Amino acid sequence: MKVLCILYDDPKGGMPKNYPLSELPKLNKYPDGMSLPSPKAIDFTPGELLGCVSGELGLRNFLESNGHELVVTSDKDGDDCEAERELVDADVVISQPFFPFYLTKEKMEKAKNLKLAITAGIGSDHVDLQAAMDHNIDVVEVTYCNSRSVAEHIVMMILSMVRDYHNQHRIVNEGGWNIADAVQRSYDVEGMHIGTVAAGRIGLDALRKMKPFDVHLHYFDRHRLPDSIEKELNLTFHESVESMVAVCDVVTINCPLHPETENLFDTKLINKMKKGAYIVNTARGKICNREAIAEALKSGQLSGYAGDVWFPQPAPNDHIWRTMPNHGMTPHTSGTSLSAQTRYAAGVREILECVMDGTPIRNEYLIVQDGNLAGMGAHSYSKGSATSGSEEAQKYKKM
Ligand code: NAD
């Protein structure tokens, strides 16, 4: 079996010689009782960089000692890139949402042996899911591996935007001390109305993590949460996204990208938001209209926009979100902390062990199976494709 693995570049200064922490905290299970990834063994040290090319997700020894071929590359965009060349006879492709290999219909048609696309992380919209269904290519992801990592990032971004942390930090770095400059956009979160578009693993965890700040919590989802959770968090459920955004000071977006959610936050919806609201989007860049967000920040309809997801990725150097006012963007990092990498590397290994042993992959990991949405895919996605326009990623030039 040939496994093609597309990973982000190594650190510019080479792989770290040491790490800030000598070990990771021990987790026993996820909050709903689901067990953590449980491969038979791992060949890496938890807490080390695994998501970059030299990290190889800790897979080389395992695959090669079992007689399989592993090709790892970060050269993923453009017609003659290494990933596209190697894909032609690959059986399995592994890609991370942070640095996605856009597996479009055209690429699938060239990949005659391809049977499985594994997302090392969560969110498989970089795979044309409709084409995967049509070409009988299964798609799986490591459900839950980084959901709580992202929820932590969301809390960080809500607090840092509302309190205007970035501006204050910049003033210190520049040697300044003008308090009035530092606080003229700074508020408390306490008492605000905070709403999530989707209350799945990430959205619900973000709500739970925000609860102690004494805020009012809202959600909109196509699946309603159990009564007990609505009561526990004193949650207001909204029948439509429009109804929720009209009353929220902060909206966090936590649904997958699929045809129903693509371009959901366009000018029309943003204009229905409370004036001066904030958006935190760690779901997918394409859920928000690029120009509409930049325009709303300029006009003041939005007070801030933060997140870590862009379209395409890497974002072209001249992507307007890099320079728009009052943004708190990071590269796509929330789900690839060293802690999360350990979990998804173990999850990928668990999936590959199932493939080798001919045993079923956990139902929770399934997105597409046997030509149809399956498992979490059937719960959280709709049919169709959301990969169009991904060729623009080749415009990015390494700095
Ligand atoms: P999940 O499957 O547990 O939750 C997804 C939720 O979205 C479900 O409750 C589903 O009902 C809801 N949903 C789907 N379509 C909807 C629609 N049209 N309207 C309203 N709700 C809708 O997944 P999760 O673990 O919470 O992850 C959610 C998404 O977050 C992923 O699909 C991915 O795009 C993104 N994500 C980002 C990162 C990152 O590093 N930034 C990491 C992990 C996941």
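**Reading a predicted fold**

Tutor: Let's begin with tyrosine 144, which is buried at a relative accessible area of 7%. Please keep in mind that this is a predicted model.

Student: Where is tyrosine 144 found, and what is its phi?

Tutor: Tyrosine 144 sits in the loop between strand 5 (138-141) and helix 5. Its phi is positive, about 80°, although the residue is not a glycine. Alanine 198 is another case: its phi is positive at about 90°, and it is not a glycine either. Look for alanine 198 in the loop between strand 6 and helix 8; with 9% relative accessibility, it counts as buried.

Student: Helix 8 comes right up in that description. How many of its residues are buried?

Tutor: A general idea helps here. An α-helix has 3.6 residues a turn, so residues three or four places apart point the same way. Now the case at hand: helix 8 spans residues 201-210 and is mostly covered, with seven of its 10 residues buried. Among them are Ile202, Leu204, Asp205 and Met210.

Student: Which elements do the buried residues of helix 8 pack against?

Tutor: They pack against two helices and three strands that you can pick out in the view: helix 5 (147-162) and helix 9 (227-232), along with strand 6 (193-197), strand 7 (216-220) and strand 8 (235-237).

Student: What about the peptide bond from phenylalanine 311 to proline 312: cis or trans?

Tutor: Omega is the angle to read. For phenylalanine 311 to proline 312 it is near -10°, and the bond is cis. The bond from glutamine 313 to proline 314 is cis too, with omega near -5°. Proline 312 lies in the loop between strand 11 (302-307) and strand 12 (327-329), and proline 314 is found in the loop between strand 11 and strand 12 as well.

Student: How many disulfides does the structure hold?

Tutor: Zero. To check a cysteine, look for a partner sulfur within 2.5 Å. Cysteine 5 has its closest cysteine sulfur in cysteine 52, and at 11 Å that is too far for a bond. For cysteine 288 the closest one is in cysteine 255, 8.9 Å away, again too far. Cysteine 5 is buried at 0% relative accessibility, and cysteine 288 is buried at 5%.

Student: And the whole chain: how many helices and strands are there?

Tutor: The chain has 14 helices and 14 strands. Its radius of gyration is 21 Å, close to the 21 Å that the globule rule gives for 399 residues, so the chain is as compact as a globular protein of that length. Of those 399 residues, 55% count as buried.

Technical notes. Residues are numbered from 1 along each chain as its sequence is written. This is a predicted model: local features need pLDDT of at least 70, side-chain atom pairs count only at pLDDT 80 or more; totals for chains, interfaces and linings use all residues. Side-chain values use heavy atoms; hydrogens and water are left out. Buried means under 20% relative accessible area, exposed over 50%, partly exposed in between (1.4 Å probe, protein chains only). Helices (H or I, at least four residues) and strands (E, at least two) are DSSP runs, numbered from the N terminus. The radius of gyration is taken over C-alpha atoms; the globule rule is 2.2 Å times the number of residues to the power 0.38. Contact means heavy atoms within 4.5 Å.
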